[in-house]
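Work through the exercises below with the structure open beside you. Each task is followed by a solution in steps.

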Amino acid sequence: MKNIFLGMLAIAAISCKSNAQENSTDGEPMAAASQEYKVLKTDAEWKTVLTAEEYSILREAGTERPFSSPLNDQKSPGTLVCAACKAPVYDNAHKFMSGTGWPSYDRAIEGQIVLDSDMKIGYKRDEAKCATCGSHLGHIFNDGPEETTGKRHCINGVALEFVPEGQELPALRK
């Protein structure tokens, strides 16, 4: 029984790693260990402005259930802002249907995300964070649309708020 469990664990670990994660930061800046964010809050302060689910995803790098976000089907023109600080991070014009269960974009708004390394599941993934507050948004992979950037920004819907085109963007939450 133990050998079966170990074998299944090994297969799962191998199958989770794909070429989609390899070299996904070519040409993109990584977040420096000393990254300075415009919006700084203590954990206690974040807990007062975020729901428990938002806090888990944005501040503890959690992941929402696949296919659970209403943003999966959001195709209207607009801007997606960080749910923590309200900084604009994605333009819905760069969204594509990846079939993964999470909202996917081929690029962020220039300068609005920083990248970090994430080894939480046993291999390196490129983590996308809000450049304004450092909140976890999701991960970036190299299996996006080849006709654009080739990138797939796989983003938690809970980490974003959709602002329809023509509507004023919210003020930065400081």
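The exercises concern a predicted model and cover its core, one histidine, one strand and the salt bridges.

**Exercise 1.** Find which residues touch the most other members of the largest nonpolar core, and which helix gives the most to this core.

Solution. Step 1: the largest nonpolar core has 28 residues, and Tyr90, Ile113 and Leu137 touch the most other members. Step 2: the elements that each supply at least two residues include strand 1 (78–82), strand 2 (88–91) and strand 5 (113–118), as well as helix 3 (52–59). Step 3: helix 3 gives the most, with three residues. Step 4: the buried residues of helix 3 are Glu54, Tyr55, Ile57 and Leu58. Their cover includes helix 2 (43–49), strand 1 and strand 7. Just after helix 3, Ala61 has a positive phi of about 60°.

**Exercise 2.** Decide whether His136 is buried or exposed, and find which side chain it joins in a polar contact.

Solution. Step 1: locate His136 in strand 7. Step 2: buried means under 20% relative accessible area. His136 has 2% relative accessibility, so it counts as buried. Step 3: the side chain of His136 makes a polar contact of 2.7 Å with that of Glu127. Step 4: beyond its neighbours within four places in sequence, the contacts of His136 include Ile57 and Leu58, both among the buried residues of helix 3. Ala61 is also in contact with His136.

**Exercise 3.** Work out which strands pair with strand 8 and in what sense.

Solution. Step 1: strand 4 (residues 104–105) pairs with strand 8 in the antiparallel sense over two bridges; here Tyr105 has His153 as its bridge partner. Step 2: strand 7 pairs with strand 8, also antiparallel, over four bridges, and Gly138 stands opposite Ile155. Step 3: check the faces of strand 8 (residues 152–155). Arg152 and Cys154 lie on one side, His153 and Ile155 on the other, and all are buried.

**Exercise 4.** State how many salt bridges a search of the whole structure finds, and examine two of them.

Solution. Step 1: the search finds four. Step 2: one of them joins the side chains of Lys86 and Glu161 at 2.6 Å, N to O. Lys86 is in the loop between strand 1 and strand 2, while Glu161 is in strand 9 (residues 160–164), 75 residues apart. Lys86 counts as buried at 12% relative accessibility; Glu161, at 29%, counts as partly exposed. Step 3: Arg152 and Asp143 meet in a salt bridge of 2.7 Å, N to O. Arg152 is buried at 9% relative accessibility, whereas Asp143 is partly exposed at 40%.

Conventions: Residues are numbered from 1 along each chain as its sequence is written. This is a predicted model: local features need pLDDT of at least 70, side-chain atom pairs count only at pLDDT 80 or more; totals for chains, interfaces and linings use all residues. Side-chain values use heavy atoms; hydrogens and water are left out. A nonpolar core is a set of buried Ala, Val, Leu, Ile, Met, Phe, Trp, Tyr and Cys residues joined through side-chain atoms within 4.5 Å. Buried means under 20% relative accessible area, exposed over 50%, partly exposed in between (1.4 Å probe, protein chains only). A polar contact is a pair of N or O atoms within 3.5 Å; within protein, one must be able to donate a hydrogen and the other to accept it, and residues adjacent in sequence count only if both atoms are side-chain atoms. Contact means heavy atoms within 4.5 Å. Two strands pair if DSSP finds at least two bridges between them.
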